[in-house]
Amino acid sequence: MADKKNDPVVVVGLGRFGSSLALELAARGTEVLAIDSRPKLVQSLAGRITNIATADATDIEALRQLGVPDFYRAVVAIGSDLEASILATSLLVELELEDIWAKAVSRQHGQILHRIGAHHVVFPEHDMGERVAHMVSGRMLDYVEVDENFALVKTHPPKEFVGVPLGQSKLRRKYGVTIVAVKSPGEEFTYTTAETELSYGDIVLVSGRSDNVERFAELP
């Protein structure tokens, strides 16, 4: 299969999430076709997104006129209007786009999007809320759930692992986690080895089951 990662992307809906996504894709050099039904919003972004159009994404003829069927990938970023989100996604499925992403605002909304053919469903507000909650409630510097019940955490090393080679620490056996990288003050992240010894000022990336990395991050 050909590499599709640099193919143009259709972004439908230019609220906070959609406009941020479209602008970031454009900044990365990806060609973007941005669509929204609100003329004032489209006008406000026209100087920053090259290909942008005022159109009704729930009208299949409007999508055809914009050349949407020629795209490989699309993102439905509509969140506030569930009916429009579902209909726009179903039309992209009907137009046979091969890689459709859709934003959901609830689990039920996400289930519907999956059932009508969205290949990927994202929950930006929920995911960000979960991420910040982990950071606010503990010692974590960052938290990313990379799969169901598996996470990557950025934190400082607990004192029991400072000055001890990781190969001798029995870290995985005791806590079920792996320290995959370390960053010393003023330096870049590097992969850890069995010989790596951590210092109090270091920052570490820890991977493992969500409950295990959370427990590890709370160690003094």
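In which sense do strand 9 and strand 11 pair, and over how many bridges? In this predicted model, strand 9, which covers residues 177–183, and strand 11 pair in the antiparallel sense, and six bridges join them. Within this pairing, I179 stands opposite V206 in strand 11.

**The sheet around strand 11**

Strand 11 also has a partner in strand 8, since these two strands run antiparallel and are joined by six bridges. One place to look for this pairing is T155, which stands opposite V204 in strand 11. Strand 8 in turn pairs with strand 7 in the antiparallel sense over five bridges, and here D147 stands opposite F150 in strand 8. Taken as a whole, the arrangement is an open sheet of five strands in the order 7-8-11-9-10, with antiparallel pairing. Strand 7 (142–147) and strand 10 (190–191) each have a single partner strand and stand at the edges, so one side of each is left without a neighbour in the sheet.

The pairings described so far can be set side by side.

| Strand pair | Sense | Bridges |
|---|---|---|
| Strand 7 and strand 8 | antiparallel | five |
| Strand 8 and strand 11 | antiparallel | six |
| Strand 9 and strand 11 | antiparallel | six |

Strand 11, made up of residues 203–209, is mostly covered, for five of its seven residues are buried. A helix belongs to this picture too: helix 8 lies across strand 7, strand 8, strand 9 and strand 11, and it runs at about 145° to strand 11.

**Aromatic rings**

How many aromatic pairs does a search of the whole structure find? The search finds three. One of them is formed by F161 and Y175, an edge-to-face pair with 5.8 Å from centre to centre and 75° between the planes. Because F161 lies in the loop between strand 8 (150–155) and helix 7 (171–175), while Y175 lies in helix 7, the pair ties together parts that are 14 residues apart in sequence. The rings of F161 and F216 have centres 5.7 Å apart and planes at 45°, so this pair is tilted. F216 lies in helix 8 (residues 210–217) and F161 in the loop between strand 8 and helix 7, so this pair ties together parts that are 55 residues apart in sequence. F161 and Y175 are buried, and F216 is buried as well. Ring pairs thus link F161, Y175 and F216 into a cluster.

Elsewhere, a charged side chain meets a ring: R107 lies over the face of F123, at 4.4 Å from the ring centre.

**Nonpolar cores**

In soluble globular proteins, nonpolar side chains tend to be buried together. The largest nonpolar core here has 26 residues, and those with the most contacts inside it are V10, I35, L63, V68, L92 and L97. At least two residues of this core come from each of strand 1 (9–12), strand 2 (32–36), helix 3 (60–65), strand 4 (73–76), helix 4 (82–94) and strand 5 (99–103), and helix 4 gives the most, with four residues. If its neighbours within four places in sequence are left aside, I35 is in contact with residues including V10, L63, L66 and V68.

Apart from this core lies another, of 18 residues, among them Y143, V153, Y175 and L198. Y175 therefore appears twice in this account, as a member of that other core and as the edge-to-face partner of F161.

Terms used:
Residues are numbered from 1 along each chain as its sequence is written. This is a predicted model: local features need pLDDT of at least 70, side-chain atom pairs count only at pLDDT 80 or more; totals for chains, interfaces and linings use all residues. Side-chain values use heavy atoms; hydrogens and water are left out. Rings of Phe, Tyr and Trp (its six-membered ring) pair if their centres lie within 6.5 Å; planes under 30 degrees apart count as stacked, over 60 as edge-to-face and the rest as tilted. Buried means under 20% relative accessible area, exposed over 50%, partly exposed in between (1.4 Å probe, protein chains only). A charge sits over a ring if NZ of Lys or CZ of Arg is within 6 Å of the ring centre and within 35 degrees of the ring normal. A nonpolar core is a set of buried Ala, Val, Leu, Ile, Met, Phe, Trp, Tyr and Cys residues joined through side-chain atoms within 4.5 Å. Contact means heavy atoms within 4.5 Å. Two strands pair if DSSP finds at least two bridges between them. Axes are lines fitted to C-alpha atoms, for helices over the stretch in contact, and angles run from 0 to 180 degrees between N-to-C directions.
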